[in-house]
Amino acid sequence: MWWWIPLRSLWRNRRRTLISLAIIAFGTAISLFVLAFLDNARDQIRDVSVAEYGNLQIASPLLFDDEAEGYEYLLTPDRVELLNALLRNEPSYVASTVQLEFPGLAASGNQTQVVRLRAIEPANGLLDFGEYVVEGRELRPDDLASALVGRALADLLSLEVGDAITVTLTTVDGAYNASPLVIAGIYGFSSEQVESQVLLVPLRFGQLLLNTNGIDRVIVELDRIEATDAAAARIEAGLADAEPPLEVRTWEDLSPIYQQLSSYFDLLFGFLTLAISVLVFFIILQVLTLAFLERTREIGTLRALGTTRGEVFRLFFSESAWLAVLGSLIGILGGILLSLGFNALGIEWLPPGTVEPSVLGTRVGPLTVLLPFLVSLVATLLSALYPALQAARLRVVDALRVE
Amino acid sequence: MLKAQKSFRTHIGFFGRRNTGKSSLINMLTGIDRPTSGEIWVGPHAVHQMSEDEIASWRGRNVGVVFQFFQLLPMLTCAQNVMLPMDFANRYGSTREMRERALHLLDQVGIAGHADKLPSAVSGGQRQRVAIARALITRPKIVLADEPTANLDSETGGSVMELMRGLNEEHCVTFLIVTHDPAVSDYGERHIRIHDGSLREES
């Protein structure tokens, strides 16, 4: 009868039970929805970061820390070959490519812009920007003095596909160099910074411009994002004796905006959940305190029939536990429906620093469900502690006298 | 000192005017209330020395209580109310066995047909019969009843008293009944008057 009495009590006070369940469910549903929304936003930023940086990058610490005075961080072809041999042993390895990035000036007519020339392996399939070309064509392996330009930079320099520009730069030897380039295509990318600054050229041409056969980084694609940290650790272990030293950085290390936004999302969710939990706590505390107060005589009867204080506490606490579990479960169901409904709306927005609109959505995963459920459960059970203790502490004779 | 016969088949009536301490006496005998001084012994048990939880367990197993206002739990059926003390005492077999015993007792008090009704669906007299069945369910040696007929009309009250006297003989249980109603006190084998704080046995 231990489980029966609390259930019957809840059924007897249906209105109060429904109000309590609604409050708990509402709090849980809102928590779930907010968490699902933030998780989805976090995933979108993660995907953009991986698209921009790859899963991993391997380079000299001088490059990552921006401490080099010249180009001493460049990796020679034989070091790249050794690195590739190491990468092929990595279980989650899918593909790799190399890059060489350097500053320069791009001029068209009487307009000049500071740009980052990024020399890539054309048609490599990994960070070759082929999928982002919105006009013209992607770079081909046999291209030389060709370039892909971002939409924003094309607007700034009034460029169209087939136009010629001149790039000027300083070689690794410190000499001045300049060369004409033909715009093979225009790309669109989620990051406005990339679109307005990065000019993509074939690796062969980039090395020619810079007068080197080296590259500055190896970019690695893994079979899944979740494998990144473990793969980074294994590769780092394999590079422990490399001289000069090499460093592995993950997409997360390379994307400060992801780290900042992720921390901000955690803070936002924590604050919202705390506020909702406190609200649920106090409302349920008041509801249960009043409910138990109304049943003082019932408590007296139970005690007079031989129930110990612990048993009275258990009875009333389990009544709250039923409320907590049922309310949280209803809230989870409501939250999932709310999230799915929101996804169906397909609302678009333009995240800061991006040029492509993103669809606002939610992602419901095991943690998105578990966390709000547990938070509501704990908040409700904590709110039940005081009234249940009060009920257990009542003197039988006083409880029986209550009219 | 109040002594019941060893056979535990006594029917003792306490009577006296209102506010003379009759209910306080019952409450202290059951451990529901504590004496500010003195000792309470029920058989070999020193009730005044027990802790709250010891008293509760002892009361659940050894004492049946019948209240003036019946004190049935409104969300449980009559049968479930009767089963309640057995459930708390946790030593009376399976739920099925407990229900069988509850139905047997409800049959003895004449309301087996109302076993699955809620207390709100039966009359005051029937509720008091449920309360009597509940008091007897754990086979206590002593049943204390505090003004058991005060909320019943005289005819129903009379039938409840008859019932208790019959059960007193049938179950070998001592009934201590507190009342201010002289008509009720007539049902007792022993009559004890409470007056000015003292007990006086009357013939």
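The largest cavity in this predicted model has a volume of about 90 Å³. A cavity here is a set of points on a 1 Å grid over the protein atoms alone where a 1.4 Å probe fits but cannot get out, and its volume is the space filled by probe spheres set on those points. The structure holds five cavities of 30 Å³ or more.

Who lines the largest one? Its lining has 13 residues, with A:Leu10, A:Arg16, A:Leu288, A:Ala291 and A:Glu319 nearest the centre; lining residues have an atom within 4 Å of a point. Helix 10 of chain A gives the largest share, four residues, and is among the helices supplying at least two each, along with helix 1 (4-12), helix 2 (14-53) and helix 12 (309-345). Helices are DSSP runs (H or I, at least four residues) numbered from the N terminus.

Now for two residues, one on each side of the burial cut-offs (buried is under 20% relative accessible area, exposed over 50%, with a 1.4 Å probe and protein chains only).

| Residue | Helix of chain A | Relative accessible area |
|---|---|---|
| A:Phe271 | helix 10 (residues 256-294) | 59%, exposed |
| A:Thr228 | helix 8 (residues 228-238) | 2%, buried |

Leaving out neighbours within four places in sequence, A:Thr228 is in contact (heavy atoms within 4.5 Å) with A:Asn55, A:Leu56, A:Leu222, A:Thr250 and A:Trp251.

A:Phe271 joins A:Tyr264, A:Leu268 and A:Leu272 in a nonpolar surface patch of about 380 Å² accessible area together. Patch members have over 30% relative accessible area and no salt bridge, and nonpolar side chains are joined within 5 Å.

A bit of bookkeeping: residues are numbered from 1 along each chain as written, and chains are lettered from A in written order. Local features need pLDDT of at least 70 and side-chain atom pairs 80 or more, while totals for linings use all residues, and side-chain values use heavy atoms, without hydrogens and water.

Definitions and conventions: Patch = residues over 30% accessible without salt bridge, like charges linked within 9 Å, V, L, I, M, F, W, Y side chains within 5 Å. Areas by Shrake-Rupley, 256 points an atom, 1.4 Å probe, with all protein chains shown as cover. Salt bridge = Lys/Arg side-chain N within 4 Å of Asp/Glu carboxyl O. 1 Å grid on protein atoms, 1.4 Å probe; cavity = no way out; pocket = protein on both sides within 12 Å on 5 of 7 lines; lining within 4 Å.
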